[in-house]
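Dear colleague,

I am passing on the structure below, together with some notes on its cysteines and on a part of its surface. Please read the notes with the coordinates open.

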Amino acid sequence: FSRSEGDCRSCAEENGLRIVGTVIFFVVYVVLIAGMLRIVGNPKKRYITASLSLATLFGVFVCYLQLTSLLGGLELHLPAFLGTIVELLQVFNLDLSVSQLGCSYGPSVQAAILQKPLILLVTFTLLAALWLGGNRVENRLIPRSPKRVLLNCIGLTTNISFVPIAMNGFSIFNCYPHPSGGASMVRLPEVLCFEDVWTAQALPWGAVSISISCLSFAVLAVLAYKSPTMGRATQNLCFLLDRFRPESYTWNTCMLARNLTLAAAPSLSHNSYLKIFIITTVLVAYSSAVLVFKPWKVPVHNNADFCTSVALMLTMCASVGMSRTPGLQHSGDGGESAAWEFLKVAAMAPFVLTAVIILVLMCVTHRTTKSDIHKEKFDSMLKLLFKTAKSTSQVASDPDRESTLVALENNSLNLSLYDMQDICKACQLVEEILMGKFSLTSTASGSPRRANATVDVVPLGEVQYAW
């Protein structure tokens, strides 16, 4: 027997299905890695294309699916259909228990905890092998690419696997109490927390996963913070910067901080209500920040990020009534039964609604985002920029400066503070384009930082143009 989706299953009964499923998973796994090398190695990647926009939307959705596995660590009485969905979604969390690998390595605690870090290591190795093969042997599948492509693929893989690795490490501290005393791991109920087996087998390898997560967070945070002063940062660190607006170049760090906090939340208490409160608080703070800062380059990505956060919050709120923690439990009478059924639907609805919204956003972004959108937007921006510059220069050169200022003040009476802020930002962007600078911020010492120059820039004042 092996553990699969929380149940014991016979290895002999599903041997053929297990082999076929493992082969299919491995083929899809290799194809995805090869596709990652092609996408990251695309020389036009810094432009906003339909394929990249769709890939970013899918990445936001995958992160949402990864975070839904938090439900498995909250000690909930999930309805059968919702529990099945949550268990099937564990494949996005690098959980291969569906393949019944326990039939091969046996009931090993170390193997269960080391599974996800090993998948990450195998992915890094396979990426390096495919990149090296593509550079050594001419082929159409994986074209030749510089070393920065491999490094960006490794960084992107680290971003994708951050949630599974962090949850894997903190799961060793997520225990539920026994009525007679003591506690067991929620993930591996046969392992008693803080006892000999837990100390000897679970703790060391869980600490490895936590160390990987913390080290990854620290490295990526430092790279994001240092990117404004690095040469060709958007090419060398495209996995950190390409998805976000230049002024939000540290947003990847904010996402990782959210994910790390959410991964640790289930291990902070035995009380499911407290866990859900912590998770909901983090999601409210994050979704509010998305609305305020709008960090993504494409508006629909901001909408998708906000939508997935709200969907997860709704699921958490609905799951309060399913907690095993002593409290107001389902009594079975008619009124309580109706409320229980409502909670089942309320917990399931965000999954369906989020999937529908993501599909709609994908259709919208596919229709509105073309491969040459950067060129089209640049041409229209250039026309408007020259037109505005001509009008502005005429006003600025008016000899009657006092009357001009009075007229401008009179014309701006109907502007709101938001409109004035937008005009100031637009003027700042124009200046940054002309001077070849992006997103001037201030360091702790007050010195300006030049952020995220896509290529080597030259201030227009140093070059003579025909116009």
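C214 has a relative accessibility of 38% in this model, which is a predicted one, and C214 therefore counts as partly exposed, since that class lies between the 20% limit for buried and the 50% limit for exposed. C238, by contrast, has a relative accessible area of 6% and is therefore buried. The cysteine sulfur closest to that of C238 belongs to C153, but at 8.0 Å the two are too far apart for a bond, because a disulfide is counted only when the sulfur atoms lie within 2.5 Å.

One disulfide is present in the structure, and it is formed by C175 and C193, whose sulfur atoms are 1.8 Å apart. C175 is in strand β3 (residues 175-177), while C193 sits in the loop between β4 (183-185) and α7 (196-226), so the bond ties together parts that are 18 residues apart in sequence. Because the torsion about the S-S bond of C175 and C193 is about -100°, this disulfide is left-handed. Both of its cysteines, C175 and C193, are buried.

Turning to the surface, V352, V356, V360 and V364 make a nonpolar patch of about 300 Å². Of these residues, V356 has its place in helix α13, which covers residues 334-368. With a relative accessible area of 45%, V356 is partly exposed, and this value is over the 30% that a residue needs in order to be counted in a patch.

With best regards

Conventions
Residues are numbered from 1 along each chain as its sequence is written. This is a predicted model: local features need pLDDT of at least 70, side-chain atom pairs count only at pLDDT 80 or more; totals for chains, interfaces and linings use all residues. Side-chain values use heavy atoms; hydrogens and water are left out. Patches are made of residues with over 30% relative accessible area and no salt bridge: like charges are joined within 9 Å, nonpolar side chains (Val, Leu, Ile, Met, Phe, Trp, Tyr) within 5 Å. Accessible areas come from the Shrake-Rupley method with a 1.4 Å probe; for residues, only the protein chains shown count as cover. A salt bridge is a side-chain nitrogen of Lys or Arg within 4 Å of a carboxyl oxygen of Asp or Glu. Helices (H or I, at least four residues) and strands (E, at least two) are DSSP runs, numbered from the N terminus. Buried means under 20% relative accessible area, exposed over 50%, partly exposed in between (1.4 Å probe, protein chains only).
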